[in-house]
Amino acid sequence: FLHRVIQQIAAERNNETLACKIVDVLFDELGFPGAGFYTPPPKGGNVPVLVAGRSRAEPENGSPGCELEAAAAMRSRTSVERGENGKSFVFAIPVTFEGEVFGALSARHEAGFSAADRELLEITAEHMTTFWALNNLLAQRRHESLVDPLTQVWNRRYIMHRLDEESSRINRTEGRGAVILVDLGDFKQINDRYGHVTGDEVLR
C-alpha cells in the first residue's frame with residue numbers, strides 16, 4: 001500500500017496538490033471519515049490554514065475539524081491526540097524538516113485509532129515531509145537559476161523565456177509589442193574609480 005502511495009506522490013512537484021493527494025488517500029482508501037492537511041497560521045493569526053480537507057460530516061467545505069489538534073502539533077512538533085475513555089478520535093502529526101514546520105497532517109475517526117492506524121499515519125507524514133522539503137528545494141533552485149544573485153532581478157535565461165512567451169501571445173492575437181533596453185553608460189568608470197564592491201552596490 002505504501003509503495004503504491006509513494007509512487008503516486010513522488011512525481012508531484014506542487015505541494016498543494018501533494019497535500020490533496022495524500023488527504024484523498026486517507027479519506028478514500030484508508031476510510032478515515034475526516035482527513036486534512038493544515039499549514040501554520042498567517043502572521044498575527046492563531047488558526048491554521050486548511051490546504052486540503054475531506055470530511056463526511058462537512059462535505060461542503062471539506063473541513064475535518066482538526067484545527068486545534070493540528071495547531072497544537074505544529075506548536076509542539078510532536079503528535080497530538082484527542083479522545084476520551086481511552087479512545088483517540090483525532091490524531092495530528094507535524095510535518096517538519098530541519099527545524100522548519102511545513103504543517104500538520106490530521107485525521108478523525110469516531111471509532112478511534114488503532115496502533116496500526118497511528119503507525120500508518122506517521123509513516124505517511126514522514127514521506128510527505130520528504131517530498132514537501134524536496135519540492136521546496138527544487139523550487140528554490142529553479143528560482144535561483146532564473147535570478148541574478150547580485151541584483152535579484154531576472155536573468156538572461158528568464159528574459160529569453162518571457163520574450164518567447166510574449167512573441168507567441170502577440171502572434172496569436174495579432175497584437176504588437178515593444179522591448180525597452182536601458183544602458184548604464186560609462187559604468188566602468190565607477191568600478192575603476194571606486195572599486196568593484198562599490199560598483200556592486202551601485203548596481204543593486
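A nonpolar core, as the term is used here, is a set of buried Ala, Val, Leu, Ile, Met, Phe, Trp, Tyr and Cys residues joined through side-chain atoms within 4.5 Å. The structure shown above is a predicted model, and this report moves from its cores to its strands, its aromatic rings and its salt bridges.

## Nonpolar cores

The largest nonpolar core has 23 residues, and the members that touch the most others are F37, L105, L121, M128 and W132. Several elements contribute to this core, since helix 2, strand 1, strand 4, strand 5 and helix 4 each supply at least two of its residues. Helix 4 gives the largest share, which amounts to six residues.

M128 offers a view of the surroundings of one such member: leaving aside neighbours within four places in sequence, M128 is in contact with L18, A19, I22, F37, V95 and L105. Apart from the largest core there is a second, separate core of ten residues, and among its members are Y38, M74, A92 and A104.

## Paired strands

Strand 3 (residues 80-84) and strand 4 (residues 87-97) run antiparallel and are joined by five bridges. Within this pairing V80 stands opposite A92 in strand 4, and A92 is also one of the residues of the second core.

Strand 4 pairs with strand 5 as well, again in the antiparallel sense, over eight bridges. Here I93 stands opposite L105 of strand 5, and L105 is among the residues that touch the most other members of the largest core. Strand 4 and strand 5 form a hairpin with two residues between the strands, and in this hairpin E98 takes a positive phi near 50 degrees.

## Aromatic rings

How many aromatic pairs does the model contain? The count comes to five. In one of them, the rings of F32 and F113 have centres 5.5 Å apart and planes at 45 degrees, and the pair is therefore classed as tilted. This pair links distant parts of the chain, with F32 in the loop between helix 2 (15-29) and strand 1 (34-39) and F113 in the loop between strand 5 (100-108) and helix 4 (115-146), 81 residues apart. Both F32 and F113 are buried. Ring pairs also bring in a further residue, linking F32, F91 and F113 into a cluster.

W154 and Y158 make up another aromatic pair, this one stacked, with 3.9 Å from centre to centre and 20 degrees between the planes. W154 is partly exposed, having a relative accessible area of 43%.

A ring can also have a charged side chain over its face: R56 lies over the face of F27, at 5.0 Å from the ring centre.

## Salt bridges

The model has twelve salt bridges by count, and three of them are set out below with the distance between their closest N and O atoms.

| Salt bridge | Closest N and O atoms |
|---|---|
| E29 and R4 | 2.9 Å |
| R118 and E81 | 3.0 Å |
| R169 and E166 | 2.5 Å |

Why does the salt bridge of E29 with R4 tie together separate parts of the sequence? E29 lies in helix 2 whereas R4 lies in helix 1 (residues 2-10), so the pair connects parts that are 25 residues apart in sequence. E29 counts as partly exposed at 37% relative accessibility, and R4 counts as partly exposed at 39%.

The salt bridge of R118 with E81 likewise links distant parts of the chain, with R118 in helix 4 and E81 in strand 3, 37 residues apart. R118 is partly exposed at 22% relative accessibility; because the buried class ends under 20% relative accessible area, R118 falls outside that class. E81, at 43% relative accessibility, also counts as partly exposed.

The salt bridge of R169 with E166 lies within a single helix: R169 and E166 are three residues apart in helix 5 (residues 156-173), which means that about one helical turn separates them. R169 is partly exposed with a relative accessible area of 41%, and E166 is partly exposed with 24%. These two residues also belong to a wider arrangement, a network of salt bridges in which R162, E165, E166 and R169 are linked.

Note on methods: Residues are numbered from 1 along each chain as its sequence is written. This is a predicted model: local features need pLDDT of at least 70, side-chain atom pairs count only at pLDDT 80 or more; totals for chains, interfaces and linings use all residues. Side-chain values use heavy atoms; hydrogens and water are left out. Rings of Phe, Tyr and Trp (its six-membered ring) pair if their centres lie within 6.5 Å; planes under 30 degrees apart count as stacked, over 60 as edge-to-face and the rest as tilted. Helices (H or I, at least four residues) and strands (E, at least two) are DSSP runs, numbered from the N terminus. Buried means under 20% relative accessible area, exposed over 50%, partly exposed in between (1.4 Å probe, protein chains only). A charge sits over a ring if NZ of Lys or CZ of Arg is within 6 Å of the ring centre and within 35 degrees of the ring normal. Two strands pair if DSSP finds at least two bridges between them. Contact means heavy atoms within 4.5 Å. A salt bridge is a side-chain nitrogen of Lys or Arg within 4 Å of a carboxyl oxygen of Asp or Glu.
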